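User: I would like to go through this model step by step, beginning with its ligand and then turning to its sheets and helices. Please reason each point out before you settle on an answer.

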Amino acid sequence: MPEQVEPMVQEQAPSSGGGLAISVGGLCKDYLLDGRRIAVFRDANLELSAGDSVAVVGRSGSGKSTLLHLLGLLDRPTSGSILYDARPLLDCREDEVEEFRCRQVGFVFQFHHLLPEFTALENVMMPAVIAGESMNWARARASSLLERVGLVDRVAHAPGELSGGEQQRVAIARALVMSPRVVLADEPTGNLDPATGEQVLDLLLGLNDELGTTLVVATHNQHIAERLPRCLRIAEQRIEEVRP
Ligand SMILES: Nc1ncnc2c1ncn2[C@@H]1O[C@H](COP(=O)(O)OP(=O)(O)OP(=O)(O)O)[C@@H](O)[C@H]1O
Ligand SMILES: [Mg+2]
């Protein structure tokens, strides 16, 4: 891929329908490991409105990452329902699920999972290219997002040539490239110094505010959790409301 950043050809993203409402009912999730059943959720329920901005807290091993994986259709519940704008996507064909995940869900992981052999720009373009968008569109969109996260002069850097905070900002740009309707962020600030962590959270909250994107942030950090208007806690295999 050429390193030269071309001028914007199109600002508008392919999906862009505001936030996504998610309704979880009677959720059970077990992992099976060496014949042992590990129960993570038992009859857990959760209602997320479109545009909600929610922290998920709970002790280590309580199921925060599991919940994010289930909400983002990276994993399936053992039983129970998850509706996306009232749509039972778990019952849909795998290609429809894949299309949905690709276009409507953005993931930010604790460890950014950037591809080391590609530049920042190419990493951000990747989901759009995989989704079949044109290279020109993907490049323009990725450039615009990297500018937005303050990395306009780092587009040609490989992940190894970026600081931790810069890498996480690239990962956020990548999560947003398809203008997802829900952003699921798992400890997005876990590896960052407090000031950079605040900046990363500002970015996610700003998007939630401007675009109405539904935002779910799993975090151990009390201060980060307090900055989100709503807070849920996972305890005893259920999801309970802490705030409001
Ligand atoms: N693939 C797996 N196979 C078996 N058990 C698993 C698997 N993934 C997670 N678990 C178990 O499920 C439970 C919930 O894990 P999860 O990663 O969701 O916790 P968490 O709340 O995100 O923890 P942390 O705060 O440490 O990130 C843990 O007890 C974990 O050991
Ligand atoms: Mg986790």
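Analyst: Before we begin, helices and strands are here DSSP runs, of at least four residues for a helix and at least two for a strand, numbered from the N terminus. Please also keep in mind that this is a predicted model.

User: Which elements each supply at least two residues of the shell around ligand 1, and which gives the largest share?

Analyst: The residues surrounding ligand 1 include Tyr 31, Leu 33, Ile 38 and Val 40, and also Lys 64, Ser 65 and Thr 66. At least two shell residues come from each of strand S1 (22-33), strand S2 (36-48) and helix H1 (64-71). The largest share, three residues, is that of H1.

User: How many nonpolar, polar and charged residues does that shell have?

Analyst: Among the residues around ligand 1 are Gly 58, Ser 60, Gly 61, Ser 62 and Gly 63, and glycine is counted with the polar class here. Sorted in this way, the shell has four nonpolar, seven polar and one charged residues.

User: Strands S1 and S2 also belong to a sheet, so which strands stand at its edges?

Analyst: The sheet is an open one of three strands with antiparallel pairing, in the order S2-S1-S4. One side of each edge strand is left without a neighbour in the sheet, because each has a single partner strand, and the strands in that position are S2 and S4 (79-84).

User: In that sheet, what is the bridge partner of Cys 28 in S4?

Analyst: S1 and S4 run antiparallel and are joined by five bridges. H1, the helix that gives the largest share of the ligand shell, lies across S1, S2 and S4 at about 120° to S1. Within S4, Cys 28 has as its bridge partner Ser 79.

User: What is the order of the six strands in the other open sheet, and which stand at its edges?

Analyst: The pairing in this open sheet is mixed, and its six strands follow the order S5-S6-S7-S3-S8-S9. Each edge strand has a single partner strand, so one side of each is left without a neighbour, and these strands are S5 (105-108) and S9 (238-243).

User: At the S5 side, which residue in S6 is the bridge partner of Phe 107?

Analyst: S5 and strand S6 (residues 182-186) run parallel, with four bridges joining them. Helix H5 packs on the sheet here, touching S5 and S6, and its direction makes about 170° with that of S5. The partner of Phe 107 in S6 is Leu 184.

User: Which residue takes a positive phi in the hairpin of S8 and S9?

Analyst: S8 and S9 run antiparallel and are joined by five bridges, with Leu 232 standing opposite Glu 241 in S9. Two residues lie between the strands of the hairpin, and the one with a positive phi, near 50°, is Glu 236.

User: Are H5 and H6 roughly parallel or roughly antiparallel?

Analyst: The axes of H5 (residues 164-176) and H6 (residues 194-211) come within 10 Å and cross at roughly 15°. Angles under 35 degrees count as roughly parallel, which means that H5 and H6 are roughly parallel.

User: What is the make-up by class of the contact between H5 and H6?

Analyst: The crossing of H5 past H6 is right-handed. On the H5 side the residues that meet H6 are Gly 165, Gln 168, Arg 169, Ile 172 and Leu 176, and they face Thr 196, Val 200, Leu 203, Leu 204 and Leu 207 in H6. By class, the contact has six nonpolar, three polar and one charged residues.

Notes
Residues are numbered from 1 along each chain as its sequence is written. Chains are lettered from A and ligands numbered from 1 in the order in which they are written. This is a predicted model: local features need pLDDT of at least 70, side-chain atom pairs count only at pLDDT 80 or more; totals for chains, interfaces and linings use all residues. Axes are lines fitted to C-alpha atoms, for helices over the stretch in contact, and angles run from 0 to 180 degrees between N-to-C directions. Angles under 35 degrees count as roughly parallel, over 145 as roughly antiparallel, 65 to 115 as roughly perpendicular and the rest as oblique. A crossing is left-handed if the near helix is turned anticlockwise from the far one by less than a right angle, and right-handed if clockwise. Two residues are in contact if their C-beta atoms, placed from the backbone, lie within 7 Å. A residue is near a molecule or strand if its C-beta atom, placed from the backbone, lies within 6 Å of it. Two strands pair if DSSP finds at least two bridges between them.
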